[in-house]
Amino acid sequence: MKRKTPIGALLFAFLLLSTLLTLPSAHAGWYTPPTEKLKFPMMVLSWDDWSVHSGEAIAEQLKKVGISIEVVPTDDSAMYPRLYDRDYGIEEMSYGYSAYPSHMFYRFHSSQDCAHCGQDWSFRNATIDAVINQMLITTDKEKARTLMWQVEQMAAENVPYVPLFVSDVYHAFRKEWTGYTVMPAGPISYLNWLTLPNIYSTAGKKDFIIAFNSEPETFSPMAATTGRSLLYSMSVYDTLLAYDEKLVPVPWMTTGLPDFSSDGKTMTFHLKPDLKWHDGKSVTAKDVIFTFQYIVDQSAVGASAGEVIKYFDSGEAPDDLTAVIHLKEPYVWAAEAFGTQYIIPEHIWKDTTLIPKYDWDQTLVESSPKIAVGSGPFMFSSWVPGEYIKLVKNPNWWMTGHPLIDTLIFRKIDTESARILAIQKGEVDTERYSVEPAFVDQVKTNPNLVVAHTVDQWDYVLAFNNKSPPFDDVWVRRAIAYAIDRNEVVKRGALGFGTVTTGYCPGAFFPFWSNPNVLTYPYDPDKANKMLDEQGYLDIDGDGIRELKSVVADWESQQQQKQQAQTTQYMTLAAIAAIVIIAALYLVYRRRKKA
Amino acid sequence: MRDYLVKRGASALATLALAIVLNFFLFRIMPGDPTRTVVGDFRVAPEVRKVLVHQFGLDQPLWTQFLLYIQNLLVGNLGVSFQYRGTPVASIIFGRRIFNTFILMGSSIAVALVIGIIIGTIAAWKRESKFDVFTVIFSLVTYSMPVFWLGMMIILVFGYYLGSIPIAGTITVGMTYSNPLEYVADYLHHMTGPFVTLTLSFIGYYFLIMRDSILDVFTEDYMLTAKAKGLSNRKILFRHAMRNATLPMVSLVAVEVTYLFGGATMTETVFSWYGIGRLTYEAVVMADFPVLQGIFVVMAVVVIAANFLADIAYALLDPRIRY
């Protein structure tokens, strides 16, 4: 009986040990900057094949300019903390675009250089900060665009990271469906307001079924943060504005784009008359103001809610159709950020809360669909957990006659192979995401399917820790930018399913904002080599890898010293020799004289 | 007997307590950052991320989190899920998911067990016959075949080409049922694929153990006695050999109870069967600690309870076990 104790003690020891390991957040510094050669480990995201294979292609290309990269596939649980701690030198993975280029602020502004912030690359530049600050408060889009071009140009000059490519969308539909809009991020996405109200079947089918790989994590438009829950929210709830196929804002629940006061701090939306909630009550400007106030009071986490929380000061509804919003300061994308919030009905939400007191025993967010009363094109009908969500057409929607389908179903199918089979068989009509690369050819050749092709919002970049030598040297970053053959990276990394990006605000995704004359770094390994040579990164030991500038400088001064020492030696020798010769001559002369 | 009960009960409770404590720290050892995976969306501003971190209590010291976890557990609260934005873990686990898993696993384990025992017995009886060779090969093949591959093949052939089973899910999308029987029929129709897959993958294991165990029994003296008594082959086989050989199977079943609630991740994923196995997988991917903790606590309770009951049952049934 006494033998039992060791096991218990062992378990206890294990527990104690594991706890101790956890306490100092288990972090001890992974990366050490190189001290001799241009040789670094490069983190790539281990579960993302594209990140890994692009990294391998880049490593091979950089080898040609004397830079040695070791690709280190890293799990995100290890990668992100390292990025936050700037415990890395170089990394490659995908980030993402929003519908408007707010990433130009998040990725380049000094205020975003912090853990859990917008940028992982410790990039600080006072000049860029000043222009971004100016751009952020410019409500005139044309003027803002001129400033944006400057930002993009300056970013290109400083190369805080190297843009590589954006992934492509290959979206498969059953061929009888038409009327969808192909635009950046895909024909079915939460940035696409146009497809679901306008899609219809030439075969007269009235049910449109979309296969999802997982359920929306919430039915609350105030808590939705993922593509699937945002798509649900967008179907049931309406927004003040929407985007056209070029991601330019267009009126939606409103009669036009919002008016701005001359100081840019007051924004006025005018609602369309006779808008109705799904329960029959009227949508008024009060609901609009309520929505923004709710987002601020409850710290909602929905799409661009952060910007509403940051800029919303107060709001008022002088009449039922006019919503006046006072901003804390002008904001270039105020119309987009406020205009794309899902408007919720005050009469249903007014006594609800989103954030509980901190005790873990309340539902944090109302995630059941029972409050799913919106004013959007579709109405909630039924939900079978783990199976499907069924929405039906809202017959009273403001766009008369639309949607053209009667039923919209989100069906959960866990694996891509089963989803593709289901589309081919006709059990579903399309899927939420792009077809996975391995299936694209199969889908393209199927006579019953049509494939829509566009760019997605995930952009792959090669990023530097801009503070860590040698990446603190802009010439090294520039040389690397020249040394990368992006076409080859797309071909090898993304199997060709990507679109090369040369700028920081690429025209393929942001046709309005992109700078057409921005500095680019076309593939030119010779130029890269020359640049590194000129900057003093030379391969002095002949192993094909360049040495650090400081090492080269040391080596050069050593060489010089050696030479100097040698010269002194020669001089001394010469002097001694001269003295000896003179002495010898003198002796000979004296002997002769004696003789 | 009372002493035995108290002793076993106390040790079961102690194990449970240890499991619960371990359960909390197990997931914290992983160097994961649930906020980045849960709030992976790039549009979520840093301020919002902070709010979420606070909502989930991840900004609290580990010991505070641990005390809250224990405190909540004592009142039967499993916490709230990260990935499902604050839905209570209890409502996620004890819903359709555990029902689906229980039905699927229960039926396939039961059927596989019955088939395994029967053909195992026959194969052992007719050792080295064609039947024996065939069933051994068959069970080795099905046992070592990757379950997901078998599942995908079944979907491809029966779901896609023949169209006799549905490709995914547990019920037909958007269907309304006029009576419960129709619902049951639809449900069973959807269960065919995963049921066949799992049954096939389980049979081999049970079959091989049963066959070996019968072969062992055949060497026992009482088999000779039975033969000497002039009993028929059938009686010897099913009354004496099979009954005694089934004892190891009983303890095997006690272990299999875990699967009843734990589910089969691969099969559930391939057939989009909405169960606990799939939930575990999702929770791991999303670093959803509360859900994982919840599943593990439930499993720990089930396993410990099952073992406790098995101990008592053994003591009652088998006179050789003393206490």
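Two residues are in contact if their C-beta atoms, placed from the backbone, lie within 7 Å. Before we start: this is a predicted model, where local features need pLDDT of at least 70, side-chain atom pairs count only at pLDDT 80 or more, and totals for chains, interfaces and linings use all residues. Residues are numbered from 1 along each chain as its sequence is written, while chains are lettered from A and ligands numbered from 1 in the order in which they are written.

**Exercise 1. Describe the overall make-up of chain B.**

Step 1: take the contacts in chain B between residues at least 6 apart in sequence; 71% of them join residues at least 24 apart.

Step 2: tally the secondary structure, with helices (H or I, at least four residues) and strands (E, at least two) being DSSP runs numbered from the N terminus. Chain B has 14 helices and 0 strands.

Step 3: check burial. A residue is buried if 20 or more other C-beta atoms lie within 10 Å of its own, exposed if 12 or fewer, and partly exposed in between, with C-beta atoms placed from the backbone. In chain B, 37% of the 323 residues count as buried.

**Exercise 2. Work out how α6(B) and α11(B) pack.**

Step 1: get the geometry. Axes are lines fitted to C-alpha atoms, for helices over the stretch in contact, and angles run from 0 to 180 degrees between N-to-C directions. Helix α6 (residues 96-125) of chain B meets helix α11 (residues 233-262) of chain B at about 155°, and their axes are 11 Å apart.

Step 2: name the orientation. Angles under 35 degrees count as roughly parallel, over 145 as roughly antiparallel, 65 to 115 as roughly perpendicular and the rest as oblique. So α6(B) and α11(B) are roughly antiparallel to each other.

Step 3: look at who touches whom. On the α6(B) side you'll find Phe102(B) and Trp125(B), among others, and on the α11(B) side the residues include Met249(B) and Tyr259(B). Sorted by class, this contact has 12 nonpolar, 4 polar and 1 charged residues. For that sorting, Ala, Val, Leu, Ile, Met, Phe, Trp, Tyr, Cys and Pro count as nonpolar, Asp, Glu, Lys and Arg as charged, and the others, Gly among them, as polar.

**Exercise 3. Place strand β3 of chain A among its neighbours.**

Step 1: see how covered it is. For β3(A) (residues 90-94), 5 of the 5 residues are buried, so the strand is largely enclosed by the rest of the structure. Ile90(A), Glu92(A) and Ser94(A) point one way, with Glu91(A) and Met93(A) pointing the other way.

Step 2: find its partners, remembering that two strands pair if DSSP finds at least two bridges between them. β1(A) (residues 39-45) runs parallel to β3(A), joined by 3 bridges, and Met43(A) sits opposite Glu91(A). β18(A) (residues 449-464) runs antiparallel to β3(A) with 5 bridges; there, Glu92(A) has Leu462(A) as its bridge partner.

**Exercise 4. Do the same for strand β16 of chain A.**

Step 1: β16(A) (residues 407-412) is mostly covered, with 5 of its 6 residues buried.

Step 2: β7(A) (residues 207-212) pairs with β16(A) in the parallel sense over 6 bridges, putting Ile210(A) opposite Phe410(A). β15(A) (residues 388-393) runs antiparallel to β16(A), joined by 5 bridges, and Tyr388(A) has Arg411(A) as its bridge partner.
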